[in-house]
Amino acid sequence: MGVLVRGGTVVTSSGEFRADVLVDGEKIKAIGDGLDAGGCSEVIDATGMYVLPGGVDNHTHFALPFGGTYTCGFDTTPAAAVGGTTTIVDFAPQPRGMGIRDAILKHVEESAEGKSAVDFSIHGMVMDVNDRLFEEIPKLVDIGIPTVKLFMAYKGTPYMVDDATLLRALQVAKPAGVTVMVHAENGDLIDLLQKQCVAARQVEPKYHAVSRPPIVESEATYRALAIAALAGAPILLVHVSAKEAMWAIRDAANRGEPAYGETCPHYMTLGIENLSRPDFEGAKYVCSPALRTKDHQDAMRAAVKNGWPQVVGSDHCGFNWAEQKHLGRDDFTKIPNGAPSVENRLAVLWTYGVAAGRISRQRFVDVISTAPAKFNGLFPAKGHIGVGSDADLVLYDPSGESVMTVKNSLQGVDYCAYEGMKQSGHIHAVLLRGKTIVKDGKFVGCPQGGRFVKGQPYGAAYTGL
Ligand code: URP
Ligand code: ZN
Ligand code: ZN
């Protein structure tokens, strides 16, 4: 009762070749030319298509509390599926007074399990610092969680931590093989700049970027890298948008420090001018760090080509514009931060990276699937097309052009951040552990249900990133 994916071009992070892929149950059984379809219940014609490992999105926020509201829940994860992502790694919010371990289990049990249409893993997310935290971080590996995120930003909310907390977290994480992820922006400076903007009645969405200039990101990035060097610990700087921050990560890595980076499709393609759209449309583009000028977008694309950020994650946040973004109608500091893009991540990077001749297909596969699988200790079950790996496959048809739009979106919100932008090719089919969940570009259900996948510790270190 297998499946044969016939006649496509298999792309991995290290090469590509014409081959059939034979799936047996949930796993890839064989890869080769002219494989026998005998015993297969389904043969999928992949002629003219690229067969990619299912996307692993290192950075999603489903059911995230932020600014007095919540992002869309896991019932909207079919959007990940049609976007070519078969595994999301979601951040578990930590309710005040609850440990991060219990917060993770709560997120799995109450928010994700039974609802997710794709497989999911979880990052810890520190939102309540207490001494128990430093005992808990190393023990996360016991429940299959090898990553935790700390925030240097969002002053006045439960998110922001001080430098000493970050150092202690890095110190206890390192021997356990837990990778610390950091949101690097100087929360104190942003807080002051925001107050100055509001006092001057500068309250429109464009002041979001004014209060979060590139230097507040690069300063925090230098500091985070220095603190990680002090601890001798690996660090993954997430959603990097400023070129100076990206170069700082590159330079730290060149010095031999285990410093890694993640950027996002919007920082490679969407500019700061979107925040000035009239009639409060700019609120759709309020995310942190802020969107930047073209030189930063160009630098992010070059960086992805050069391998300085290992990962391109979506930082998906499903907030509705009509209600949720309007919470900040009269004050940009009250606009919930984040934009939806789990559905668009692969298509944006393909269109403006691969099809535009800026990055290779191998690099594409690495940043959207293989490297994030490694970081999260999921490789080679996830992020790879190899015998024994999970049969999570994306068939990308590179032919034709369309336009990205909210009209056919499954993200559960009332806008698409890439509305009207060109898309090259499309995701034709997606298999999750051997079962077709997307056919002819449409979500067809996930009867087996998305599964909680546990990660091994020392993800980055063991896999030699
Ligand atoms: O604007 C963003 N990125 N919102 C989500 C929370 C975070 O900082 O990742
Ligand atoms: Zn963040
Ligand atoms: Zn995020």
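Student: In this predicted model, how do the axes of helix H8 and helix H10 come together, and at what angle do they cross?

Tutor: The axes of H8, residues 243-254, and H10, residues 294-306, come within 9 Å and cross at roughly 25°.

Student: Why are H8 and H10 called roughly parallel to each other?

Tutor: Angles under 35 degrees count as roughly parallel, and the crossing is at roughly 25°, so H8 and H10 are described as roughly parallel to each other.

Student: Which residues meet where H8 is in contact with H10?

Tutor: From H8 come Lys243, Glu244 and Met246, which meet Asp295, His296, Ala299, Met300 and Ala303 of H10; by class, this contact has 4 nonpolar, 1 polar and 3 charged residues.

Student: What makes E15 and E16 the edge strands of the sheet?

Tutor: The open sheet has 9 strands in the order E15-E14-E13-E12-E11-E10-E9-E6-E16, with parallel pairing, and strand E15 (311-312) and strand E16 (316-317) each pair on one side only.

Student: How do you know that strand E12 and strand E13 pair?

Tutor: Pairing asks for at least two bridges between two strands, and 3 bridges join E12, residues 179-183, to E13, residues 235-237, so this requirement is met by two strands that run parallel. Within this pairing, the bridge partner of Met181 is Leu236 in E13.

Student: Which strands does H8 touch as it packs on the sheet, and what angle does its direction make with that of E14?

Tutor: H8 touches E13 and strand E14 (259-263), and its direction makes about 150° with that of E14; because angles over 145 count as roughly antiparallel, H8 and E14 are roughly antiparallel by that cut-off.

Conventions:
Residues numbered from 1 in each chain as written. Chains lettered and ligands numbered in written order. Predicted model: local features only at pLDDT ≥ 70, side-chain atom pairs only at ≥ 80, totals over all residues. Heavy atoms only, no water. Axes fitted to C-alpha atoms, helices over the stretch in contact; angles between N-to-C directions. Helix = DSSP H or I, 4+ residues; strand = E, 2+ residues; numbered from the N terminus. Parallel < 35°, antiparallel > 145°, perpendicular 65-115°, else oblique. Contact = heavy atoms within 4.5 Å. Nonpolar A, V, L, I, M, F, W, Y, C, P; charged D, E, K, R; others polar.
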